Amino acid sequence: MAASQLNAAPSAPAHPLANPGYGKRSAPEQLPRRESDFAHLPRREASIAAYIDRLPDGSDISVKMLAKVLPDYGQCAVRTSLRRLSEAGHLRLGRETVTDTTTGSQRWVTRTFFSRTARDDAWWAAFQGQGGSKTKATPTQRPSRPQPPQRSRAYEILASVGRTKPQMSLSADDCVTLESVATEWLSRGATDAELRQALTSGLPAEVHRPVGIARARLAKLPPARAPHPDPGGVPGPAPTLRILECTECRAPARPEALAGGLCRVCRDEPPLPPRDGLPEADVRAHAAKIRAAAATRHPERTRA
C-alpha cells in the first residue's frame, strides 16, 4: 500500500478551535512534511495522525471532536488511536502556564502536543524541561574557581530588615524558614521596598519574637501583578512551566515514568518496589485505588 494512501485524510478547512489557550500545540524542531511521515503506523492511526498534523495550533483535537469530524471512527477508536500515537512518539498530553500580558499573572492550560516527527521518551522528557522555549538555551558561563553559594533576592531582603528595624532582626535560620514565602511575594510583583515595609511598618512597642511577626505578615500574600523589573535588569516574561500527563488517565508524572506517554498503571506494569517495605498486596490495593479515582474523576474526559 502506498504511503500516500496511508496518509490520506480529509481536509479540515473549518475544524473547530478549542477554547483560547487550549488545544493542539505543535512540537518544535520538526522535519519538513513528507508523504511517508506516518507510513510506520497502522492505517487508522496514520489517517488520524495526518489529519491532526494538518490542523493549525489551537484546534480542538479532543476525542469527541475528532470522532465528530471523522465519522468513520467512533470515540473508542479515536481514544485508542491517540494512545497508540502517544506510544509511537507523536503525541503527549500535558499542562503548561501562560502569562497574562496585562497583569503578569499565570494560569495553567491543557495542551495536546503533537509532533509529525516521531520522538523517543528522552526527547519528550527534555521537551518538558524546556518550559515551552523553542530555542536552545545558551549554556551559562561559570567561573573556573569555586564561588560561595548565592543567596536569593528574598533571603537578602529578609537579612537586611534588621538594619532598618533592629527589633526585627532575623537569624540565618529565620531567613531560610521565611525565604519561600518571601519569594512568593516577589513573584507576585512586590518590590523590595514593599516587602521590607510589610515587615517593618506598624510594629508593636516591644517585639519578643520577630520571626513570628514576619511569618504572620508574609502569610497575607499581595495580589499578583506585573513583576517589577530588578534594578539594572532587563524585564521579561515569566518562565513557562510544563507538566506532562499520562495519555490514558491524565495523571501527571515525572517524564521518566511516562514510557510511551503512559504511566505504569496504564501500561499494566507492577508498581515500583516501595521504599517503606509495604506488602505487595497493599501496593496492588493502592494502585487499584488510583485507577478507580482516575476513572471517577474523568469517566469521559476528553483531550483538548
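In this predicted model, helix α5, which spans residues 121–130, makes the greatest contribution to the lining of the largest cavity, supplying 3 residues. The structure contains 1 cavity of 30 Å³ or more, and the volume of the largest cavity is about 40 Å³. Its lining is formed by Arg-92, Asp-121, Trp-124, Ala-125, Leu-244, Pro-255 and Leu-258. When these lining residues are grouped by class, 5 are nonpolar and 2 are charged, while no polar residue is present.

Two of the residues in that lining, Arg-92 and Asp-121, are also joined to each other by a salt bridge, in which the closest N and O atoms are 2.8 Å apart. This pair connects distant parts of the chain, since Asp-121 belongs to helix α5 and Arg-92 to strand β2 (residues 91–99), with their positions 29 residues apart in the numbering. The two partners differ in their burial: Asp-121 is partly exposed, having a relative accessible area of 34%, whereas Arg-92 has a relative accessibility of 2% and therefore counts as buried. Elsewhere, Arg-33, Asp-53 and Arg-116 are joined into one network by salt bridges that share partners.

In total, the structure holds 14 salt bridges. Among them is the contact between the side chains of Arg-34 and Asp-37, with an N to O distance of 3.6 Å. Arg-34 is partly exposed at 48% relative accessibility, while Asp-37, with a relative accessible area of 9%, is buried. Another of the salt bridges brings together the side chains of Glu-45 and Arg-44, at 3.1 Å from N to O. In this pair the acidic residue, Glu-45, is buried, its relative accessible area being 1%, and Arg-44 counts as partly exposed with a relative accessibility of 25%.

Aromatic contacts were examined next. A pair of aromatic rings is described by the distance of the centres and the angle of the planes. On this basis the count comes to 5 aromatic pairs. One of them is formed by Phe-38 and Phe-114, whose ring centres lie 6.3 Å apart and whose planes stand at 50°, so that the pair is classed as tilted. The contact links distant parts of the chain, as Phe-38 is located in the loop between β1 (24–26) and α2 (43–53) and Phe-114 in strand β3 (residues 106–114), the two being 76 residues apart. Both partners are buried: a relative accessible area of 1% is found for Phe-38, and the value for Phe-114 is likewise 1%.

A second pair, that of Trp-123 and Phe-127, has its ring centres 5.5 Å apart and its planes at 10°, and is therefore stacked. Because Trp-123 and Phe-127 are 4 residues apart in helix α5, about one helical turn separates them. Trp-123, with a relative accessible area of 18%, is buried, as this value falls under the 20% cut-off. Phe-127 is also buried, with a relative accessible area of 4%. These two residues, together with Phe-113 and Trp-124, form one aromatic cluster; Trp-124 also belongs to the lining of the largest cavity.

Each ring of the stacked pair is, in addition, accompanied by an arginine. Arg-119 lies over the face of Trp-123, at a distance of 4.1 Å from the ring centre, and Arg-242 is placed over the face of Phe-127, at 3.9 Å from the ring centre.

Finally, the backbone was considered at two residues. Glu-29, although not a glycine, has a positive phi of about 60°. Glu-29 is situated in the loop between β1 and α2, the loop that also holds Phe-38, and is partly exposed, with a relative accessible area of 44%. Arg-250, again a residue other than glycine, likewise has a positive phi, near 70°. Arg-250 occurs in the loop between β4 (242–245) and α10 (280–297) and, in contrast to the partly exposed Glu-29, counts as buried at 7% relative accessibility.

Methods:
Residues are numbered from 1 along each chain as its sequence is written. This is a predicted model: local features need pLDDT of at least 70, side-chain atom pairs count only at pLDDT 80 or more; totals for chains, interfaces and linings use all residues. Side-chain values use heavy atoms; hydrogens and water are left out. On a 1 Å grid over the protein atoms alone, a cavity is a set of points where a 1.4 Å probe fits but cannot get out, and a pocket is an open set with protein on both sides within 12 Å along at least five of seven lines; lining residues have an atom within 4 Å of a point. Grid points are joined across faces, edges and corners, and a volume is the space filled by probe spheres set on the points. Ala, Val, Leu, Ile, Met, Phe, Trp, Tyr, Cys and Pro count as nonpolar, Asp, Glu, Lys and Arg as charged, and the others, Gly among them, as polar. Rings of Phe, Tyr and Trp (its six-membered ring) pair if their centres lie within 6.5 Å; planes under 30 degrees apart count as stacked, over 60 as edge-to-face and the rest as tilted. Buried means under 20% relative accessible area, exposed over 50%, partly exposed in between (1.4 Å probe, protein chains only). A charge sits over a ring if NZ of Lys or CZ of Arg is within 6 Å of the ring centre and within 35 degrees of the ring normal. A salt bridge is a side-chain nitrogen of Lys or Arg within 4 Å of a carboxyl oxygen of Asp or Glu.
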